[in-house]
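Reader: Hey, got a minute to walk me through this one? I'd like to start with the strands and then poke around.

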Amino acid sequence: MLPTAERLAVTAPFGQNWPGLAPSRKTATNADQLAGEYARAFLSDRPQSRLGLVIAASGAEALTAAGWAGPCNYDNDTAKFSAVIADWEHRFGTRVVAVGFSTLHISVAAPPTNQEDALLVAAEHFALCPDNIWQGTRPHTLTAYAERLTGTHHWDFWWD
């Protein structure tokens, strides 16, 4: 546990206040085509990956339908995570590309393009998967994490 001042530094400039959702972004990129490209790149880096098929209307719904328990060390209600991913499908053109035991990989057709929006997205990521910030690349702050999100067409999550 970090002292209060250090914890608030991690979530600066928001502190303990929820800043609200990042604005929706229009995409000039075809979300499904981008997901296919990311899936090919993902598989070339991880040739041991296997295909899983789930009857569902979207990748977000597939997480719950398949009984995925990736974030169970954080919260074991997969429907909550599916709801966030479904919202991102609409706001950012995300697509679920791969899941693992404790990982989630999604393509992003309309990522944030400026620091202000990226900070809001970083806050959403922190709410969904704090390990991305707490245990990710240093420094462990929303601001540093947001810098890595700007213009990035894939988001990866892992729960410890």
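Author: Sure. One term first: a residue is called buried when its relative accessible area is under 20%. Also keep in mind that this is a predicted model.

Reader: Ok, so how many of the six residues of β2 are buried?

Author: Five of them are buried, so β2 is largely enclosed by the rest of the structure.

Reader: Which way does β2 pair with β1, and over how many bridges?

Author: The two strands pair in the antiparallel sense, over five bridges. They form a hairpin, and three residues sit between β1 and β2.

Reader: Who stands opposite Val99 there?

Author: That's Leu104, in β2. Ala98 has its bridge partner in β2 as well, namely His105.

Reader: And what about β3, how many bridges join it to β2?

Author: Five, and β2 and β3 run antiparallel. Ser107 is bridged to His154 of β3, while Thr103 has Trp158 of β3 as its bridge partner.

Reader: Which residues of β3 are on the covered face?

Author: Trp155 and Phe157 are on the covered face, and His154, Asp156 and Trp158 make up the uncovered one.

Reader: Why do the faces swap like that along a strand?

Author: Because in a regular strand the side chains alternate between the two faces of the sheet.

Reader: Switching topic: pockets. How much space lies in the largest pocket?

Author: About 660 Å³. It is lined by 24 residues, and the closest to its centre are Leu51, Gly52, Val97, Ala98 and Val99.

Reader: Which elements give two or more residues to that lining?

Author: Those are α2, α3 (59-65), β1 (94-99) and β2 (103-108). β1 gives the most, with four residues.

Reader: How does the lining divide into nonpolar, polar and charged?

Author: The lining of the largest pocket has 16 nonpolar residues, seven polar ones and one charged.

Reader: Since α2 came up, where is Ala31?

Author: Ala31 is in helix α2, which covers residues 31-45.

Reader: Buried or exposed?

Author: Ala31 counts as buried, because its relative accessibility is 10%. Leaving out residues up to four places away in sequence, Ala31 touches Gly93, Arg95, Ser107 and Ala109.

Reader: How many residues apart along the chain are Ala31 and Gly93?

Author: They are 62 residues apart along the chain, yet their C-alpha atoms are separated by 5.5 Å.

Reader: Last one: Asn132. Which helix is it in?

Author: Asn132 is in helix α6, residues 131-134. At 7% relative accessibility, Asn132 counts as buried.

Reader: What is the Asn132 side chain up to? Which backbone oxygen lies 2.8 Å from one of its polar atoms?

Author: The backbone oxygen of Asp156. A polar atom of the Asn132 side chain also lies 3.4 Å from the backbone nitrogen of Trp158.

Reader: So those are β3 residues again. What else is Asn132 in contact with?

Author: Not counting neighbours within four places in sequence, Asn132 is in contact with Tyr145, Asp156, Phe157 and Trp158. Of these, Asp156 and Trp158 belong to the uncovered face of β3, and Phe157 to the covered one.

Definitions and conventions. Residues are numbered from 1 along each chain as its sequence is written. This is a predicted model: local features need pLDDT of at least 70, side-chain atom pairs count only at pLDDT 80 or more; totals for chains, interfaces and linings use all residues. Side-chain values use heavy atoms; hydrogens and water are left out. Buried means under 20% relative accessible area, exposed over 50%, partly exposed in between (1.4 Å probe, protein chains only). A polar contact is a pair of N or O atoms within 3.5 Å; within protein, one must be able to donate a hydrogen and the other to accept it, and residues adjacent in sequence count only if both atoms are side-chain atoms. Contact means heavy atoms within 4.5 Å. On a 1 Å grid over the protein atoms alone, a cavity is a set of points where a 1.4 Å probe fits but cannot get out, and a pocket is an open set with protein on both sides within 12 Å along at least five of seven lines; lining residues have an atom within 4 Å of a point. Grid points are joined across faces, edges and corners, and a volume is the space filled by probe spheres set on the points. Ala, Val, Leu, Ile, Met, Phe, Trp, Tyr, Cys and Pro count as nonpolar, Asp, Glu, Lys and Arg as charged, and the others, Gly among them, as polar. Two strands pair if DSSP finds at least two bridges between them.
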